[in-house]
Each structure stands twice: as C-alpha cells, then as structure tokens.
Amino acid sequence: MVGIIFINLSVKWTVIILLFFSTLGIQASEKSFSGKSNKVFLEAGGYGGYWSVGYERSIYKFKYGKVNVRGGVSSRNIYDFQQRFNPDFIFPFTLTSQFGVRNHFIEIGANRTITSLNFFSSQDHKVKRMLSYSSGVYAGYQYESIKKPISLRVFYSPTTDFYSILNHWGGIAVGYAF
C-alpha cells in the first residue's frame, strides 16, 4: 500500500514539475536553443530491461532546453520454454524535459513501460502471454556533441512493476542525433 501511494505521488509530482518547467519555456525564444530534434539510440539497462533500441523526438524547444518524447523496443527471451521462437517484448515510453546550455543537459521525466511476456500455464500446460504495465520517474544527464552527431546519456529511473514492486534501474545510452 505504501509503495502504491509513493509511486502515485511520484508520477503526479513528475507531471506537475514537467508542466511547470515547460510553461517557463513559453516565455523564452525558441530560436535561442539550437539542439538537434531527432535521435536514435542504443540503451544498456534502464526501464526497457537489459537493453533497448529507441527513437527520441523533441516536441518543444525553449531557451534553455527542450521537451522530448521517447519510445523503444526490447526483448528478454527470444524462445519460449519449448524452445520455439516466441519473443518477449518490452516497449518503454518516456516524456522528458531537458535543461542546459550548449551541449550539457539535465533531464527529468516520467516513463511508462508495456511488457508482453511468455509464461507456462500449469492449468492447460501451454504457453500463454501476459501483458503488464509499469511506470516510473526519470532523472539523468545527457551530453550532446555540437560538432558530431553523437549523444551520451546516463540516467536513474526507479520503476514499479505491477504498481507495487519498486525496481531501481540505472542505465547508459549512446545515440545518433540528427
């Protein structure tokens, strides 16, 4: 119960903080920030599992940062318990606000992960698929090269599974910005 209350408050406060900082950008000139708008990246660790491949798009730019949406795909197991090709899928989604100057950014945000896993059903002895959702908050640092299309990210993302089990995920990502 305490874990559920903690997570609900964390997600609510993350949304409030994102909205607050995003509205500050309305007063700033969009032309004063020249960061790249698109990224593809490979992530190790994090709320996408052990690894993920993803895409990020800046949806709003302001004087000292931007608001991004990010989505990805990952898999844990490729084969089910009968050794048939039947992969598990993990789809992480994130909304972040980045704050910084030139090429150094602090990020905060919220994430949502949709997971589709195979499991063995003891009732009918067949492979079944389970769909689950998890949510969390996100904080990190991102370096975005001005001269080269490279971005590096380090982050921490406490995430809940089944809205009650808190997992502490950290990760790194390497991206190509364009």
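Two strands count as paired if DSSP finds at least two bridges between them. The exercises below apply this definition to a predicted model.

**Exercise 1. Overall composition**

Task: State how many helices and strands the protein has, and in which order they occur.

Solution.
Step 1. The count gives one helix and eight strands.
Step 2. Read from the N terminus, the order of the elements is α-β-β-β-β-β-β-β-β.
Step 3. The protein has 178 residues, and 41% of them count as buried.
Step 4. Contacts between residues at least 6 apart in sequence may then be examined: 53% of these join residues at least 24 apart.
Step 5. The accessible surface is about 10200 Å², and carbon and sulfur atoms account for 68% of this area.

**Exercise 2. Following the bridges from E3 to E7**

Task: Determine how many bridges join E3 to E4, and in which sense these strands run. Then continue through the strands that follow.

Solution.
Step 1. Strand E3 covers residues 65–73 and strand E4 covers residues 89–101; seven bridges join them, and they run antiparallel. Since two strands pair if there are at least two bridges between them, E3 and E4 are therefore paired.
Step 2. Within this pair, glycine 71 stands opposite phenylalanine 93 of E4.
Step 3. E4 is also joined to strand E5 (residues 104–121), by 13 bridges in the antiparallel sense. Phenylalanine 93 has arginine 112 as its bridge partner in E5.
Step 4. E5 in turn pairs with strand E6 (residues 126–144) over 18 bridges, again antiparallel. Here isoleucine 106 has tyrosine 141 of E6 as its bridge partner.
Step 5. Seven bridges link E6 with strand E7 (residues 150–161), and these strands are antiparallel. The bridge partner of tyrosine 141 in E7 is valine 154.

**Exercise 3. The turns between the strands**

Task: For each of the hairpins E4–E5, E5–E6 and E6–E7, find how many residues lie between the strands. Then decide whether arginine 102 and histidine 125 are buried or exposed.

Solution.
Step 1. The hairpin of E4 and E5 has two residues between its strands. The hairpin of E5 and E6 has four, and that of E6 and E7 has five.
Step 2. Arginine 102 is located in the loop between E4 and E5. Although arginine 102 is not a glycine, its phi is positive, at about 55°.
Step 3. Arginine 102 has a relative accessibility of 67%. The cut-off for an exposed residue is over 50%, so arginine 102 is exposed.
Step 4. Histidine 125 is located in the loop between E5 and E6. Histidine 125 is likewise not a glycine and has a positive phi of about 55°.
Step 5. The relative accessible area of histidine 125 is 54%, so by the cut-off of over 50% histidine 125 is exposed.

**Exercise 4. The cavity**

Task: Establish which residues line the largest cavity, and which elements give two or more residues to the lining.

Solution.
Step 1. A general principle comes first: rolling a probe the size of a water molecule over the atoms shows where empty space is left.
Step 2. The structure holds one cavity of 30 Å³ or more, and the volume of the largest cavity is about 40 Å³.
Step 3. The lining consists of Phe41, Glu43, Tyr47, Ser52, Arg70, Gly71, Gly72, Pro92, Phe93 and Thr94.
Step 4. Strand E1 (38–45), E3 and E4 are the elements that give two or more residues to this lining.
Step 5. Sorted by class, the lining residues are four nonpolar, four polar and two charged.
Step 6. Gly71 and Phe93, both in the lining, are the residues that stand opposite each other in Exercise 2.

**Exercise 5. Two residues of strand E8**

Task: Identify the contacts of tryptophan 169 and glycine 171 beyond their neighbours within four places in sequence. Decide also whether glycine 171 is buried or exposed.

Solution.
Step 1. Tryptophan 169 is part of strand E8 (residues 165–177), and glycine 171 also has its place in E8.
Step 2. With those neighbours set aside, tryptophan 169 is in contact with Gly45, Gly46, Tyr47, Gly49, Tyr50, Phe155, Tyr156, Ser157 and Thr159. The C-alpha atoms of tryptophan 169 and threonine 159 are separated by 7.0 Å, with their positions 10 residues apart along the chain counted as the sequence separation.
Step 3. On the same basis, glycine 171 is in contact with Ala44, Gly45, Gly46, Arg153, Val154 and Phe155.
Step 4. Glycine 171 and tyrosine 156 are 15 residues apart in sequence, and their C-alpha atoms are 6.6 Å apart.
Step 5. Glycine 171 has a relative accessibility of 11%; because buried means under 20%, glycine 171 is buried.

Definitions and conventions:
Residues are numbered from 1 along each chain as its sequence is written. This is a predicted model: local features need pLDDT of at least 70, side-chain atom pairs count only at pLDDT 80 or more; totals for chains, interfaces and linings use all residues. Side-chain values use heavy atoms; hydrogens and water are left out. On a 1 Å grid over the protein atoms alone, a cavity is a set of points where a 1.4 Å probe fits but cannot get out, and a pocket is an open set with protein on both sides within 12 Å along at least five of seven lines; lining residues have an atom within 4 Å of a point. Grid points are joined across faces, edges and corners, and a volume is the space filled by probe spheres set on the points. Ala, Val, Leu, Ile, Met, Phe, Trp, Tyr, Cys and Pro count as nonpolar, Asp, Glu, Lys and Arg as charged, and the others, Gly among them, as polar. Buried means under 20% relative accessible area, exposed over 50%, partly exposed in between (1.4 Å probe, protein chains only). Contact means heavy atoms within 4.5 Å. Accessible areas come from the Shrake-Rupley method with a 1.4 Å probe; for residues, only the protein chains shown count as cover.
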